[in-house]
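Hi,

Here is the structure I promised to pass on to you. Have a look at it first, and then read my notes underneath.

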Amino acid sequence: MKYLIVGAGGTGGMISAYMSRAGLDATLIARGSHLHEIKYHGLNVMPTWEKPYKVNVKVCEQQEYDEKPDVIFVCVKGYQLEGVIPFLRRVSDSDTVVIPVLNGFGVADKLKVELPEPKVISGLIYITANKQAPGTIRIQGEIFRIIFGTSDGKTEDPVLIEVANDLQSCSIDGVYSSMIDAEILKKFSLVSPWAACGLQFNVNAGEIQKQGYIRKFYIKLVQEVENLGKADGMTINLDEDLVKTNLAIIDSLAPTAITSLQRDIENGKQSEIGNLILDVVRRADMLGVAVPTYKKVVENPIREMLMR
């Protein structure tokens with residue numbers, strides 16, 4: 001099948017690298033100096049567990065792409081989503097599958113409104129990678145998993161089965177899930193509280209790993225996300241303790257680890273504060289769910305920075 005990856009940061013860059021290295025037909029959409037380096041010198045991949053390597057990746061700008069892909073992975077940040085919708089609309093049709101792997105609640109539902117013709121399904125990704133320099137992606141840890149599926153729980157779609165098989169063939173753990181809503185909640189309950197806690201106290205993972213007030217604050221954030229998920233019907237197939245699971249993951253991280261949201265704010269860049277934190281409060285107010293800990297984060301003295 002023909003794949004298109006929209007967004008060339010750590011997530012999209014690594015999907016294209018793994019697919020291209022395995023010989024799949026994958027095109028990466030990039031821009032600027034990052035595009036130039038990848039196009040003329042290849043994509044440099046810097047894993048923390050092995051020697052760096054280079055992959056020749058098919059890459060172009062949005063306006064240069066004139067094909068009709070079978071599957072589109074949308075890997076942009078939440079605040080960039082609106083900007084790529086006209087492009088997605090142009091290159092897709094009724095035979096196209098669109099899989100957004102952004103952090104946040106209801107991303108696929110938002111896209112369905114804007115893209116009524118293609119088949120938009122929910123997805124998420126587990127990977128720790130970031131663009132280190134133009135043409136260079138650094139990946140930390142060997143976990144690379146893409147989970148996708150439809151809210152009806154069916155797993156018989158032949159195209160989606162093929163997507164999972166293609167991902168597996170290039171060493172990405174592709175999972176066609178029958179409980180995608182629960183999987184999205186599970187991922188969000190890890191990332192959003194971590195980002196919110198890091199912002200509230202200006203700390204890295206090491207401070208959350210220690211017993212004390214900050215760790216308890218993180219636990220409360222996880223519990224509030226879980227309560228929101230229950231109110232939204234996302235916990236039907238969830239059969240694990242999210243607090244216990246997420247603490248185990250946090251405790252396994254390097255003490256210096258921080259979220260990309262914190263990194264973007266520290267560097268004065270636009271961030272995913274809307275998707276990861278503000279949307280929790282908005283959704284909670286809409287569903288009548290109490291999220292006092294999240295409101296503390298939104299209402300703290302750095303509100304002006306948060307709202308940028």
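Below is what I found in it, taken region by region.

One thing to keep in mind throughout is that this is a predicted model.

**The pocket**

Let me start with the second largest pocket, which has a volume of about 290 Å³. Its lining is made up of 22 residues. If you want to centre your view on it, go to Gly106, Ser122, Asp181, Ile184 and Met234, which lie nearest the centre. Three elements give two or more residues each to this lining: α4 (107-114), β9 (122-126) and α6 (180-201). In terms of chemistry, the lining is a mixture, with 9 nonpolar, 7 polar and 6 charged residues.

**Helix α6 and its partner**

Helix α6 also packs against α11, which covers residues 273-287. How are the two helices oriented relative to each other? Their axes are 10 Å apart and meet at an angle of about 90 degrees, which means that α6 is roughly perpendicular to α11. From α6, the contact uses Phe188, Val191, Ser192, Ala195, Ala196 and Leu199. From α11, the residues are Ile273, Asn275, Leu276, Ile277 and Val280. Sorted by class, this contact has 9 nonpolar residues, 2 polar ones and no charged ones.

Tyrosine 294 is worth a look while you are in this region. It is found in helix α12 (residues 292-298). Is this tyrosine buried or exposed? Tyrosine 294 counts as buried, because its relative accessibility is 0%, where the cut-off for buried is under 20%. Setting aside residues up to four places away in sequence, tyrosine 294 touches Ser192, Pro193, Ala196, Leu221, Glu224, Val225, Leu276, Ile277, Val280 and Val281. Among these, Ser192 and Ala196 belong to the α6 side of the helix contact, and Leu276, Ile277 and Val280 to the α11 side. For a sense of scale, the C-alpha atoms of tyrosine 294 and serine 260 are 19 Å apart in space, with their positions 34 residues apart in sequence.

**Helix α3**

Helix α3 runs over residues 81-91, and its buried residues are Leu81, Val84, Ile85, Phe87, Leu88 and Val91. As a reminder, an α-helix has 3.6 residues a turn, so residues three or four places apart point the same way. The cover over the buried residues of α3 includes the strands β1 (2-6), β2 (25-29) and β6 (71-74), together with α4. Helix α4 is also one of the elements that line the pocket described above.

**Two residues with positive phi**

Two loop residues caught my eye for their backbone angles. Serine 171 is not a glycine, yet has a positive phi of about 70 degrees. You will find serine 171 in the loop between α5 (158-169) and β13 (173-176), and it counts as exposed because its relative accessibility is 54%. Asparagine 202, again not a glycine, has a positive phi of about 55 degrees. Its place is in the loop between α6 and α7 (205-209), and at 61% relative accessibility asparagine 202 counts as exposed.

**A few other positions**

Alanine 205 is in helix α7 and is buried, at 0% relative accessibility. Which residues does alanine 205 contact, leaving aside neighbours within four places in sequence? They are Trp194, Ile250, Leu253, Ala254, Pro255 and Ala257. Of these, Leu253 is 48 residues away from alanine 205 in sequence, but the two C-alpha atoms are 7.0 Å apart in space.

Serine 177 sits in the loop between β13 and α6. With a relative accessible area of 5%, serine 177 is buried. Outside its neighbours within four places in sequence, serine 177 is in contact with Ile147, Phe148, Gly149, Thr150, Thr155 and Glu183. The C-alpha atoms of serine 177 and serine 151 are separated by 9.5 Å, and the two residues are 26 apart along the chain.

Finally, isoleucine 143 lies in the loop between β11 (136-139) and β12 (145-149). Isoleucine 143 is exposed, with a relative accessible area of 56%. Not counting residues up to four places away in sequence, isoleucine 143 touches Tyr126 and Ile127.

Happy to talk any of this over with you.

Best wishes

Conventions
Residues are numbered from 1 along each chain as its sequence is written. This is a predicted model: local features need pLDDT of at least 70, side-chain atom pairs count only at pLDDT 80 or more; totals for chains, interfaces and linings use all residues. Side-chain values use heavy atoms; hydrogens and water are left out. On a 1 Å grid over the protein atoms alone, a cavity is a set of points where a 1.4 Å probe fits but cannot get out, and a pocket is an open set with protein on both sides within 12 Å along at least five of seven lines; lining residues have an atom within 4 Å of a point. Grid points are joined across faces, edges and corners, and a volume is the space filled by probe spheres set on the points. Helices (H or I, at least four residues) and strands (E, at least two) are DSSP runs, numbered from the N terminus. Ala, Val, Leu, Ile, Met, Phe, Trp, Tyr, Cys and Pro count as nonpolar, Asp, Glu, Lys and Arg as charged, and the others, Gly among them, as polar. Buried means under 20% relative accessible area, exposed over 50%, partly exposed in between (1.4 Å probe, protein chains only). Contact means heavy atoms within 4.5 Å. Axes are lines fitted to C-alpha atoms, for helices over the stretch in contact, and angles run from 0 to 180 degrees between N-to-C directions. Angles under 35 degrees count as roughly parallel, over 145 as roughly antiparallel, 65 to 115 as roughly perpendicular and the rest as oblique.
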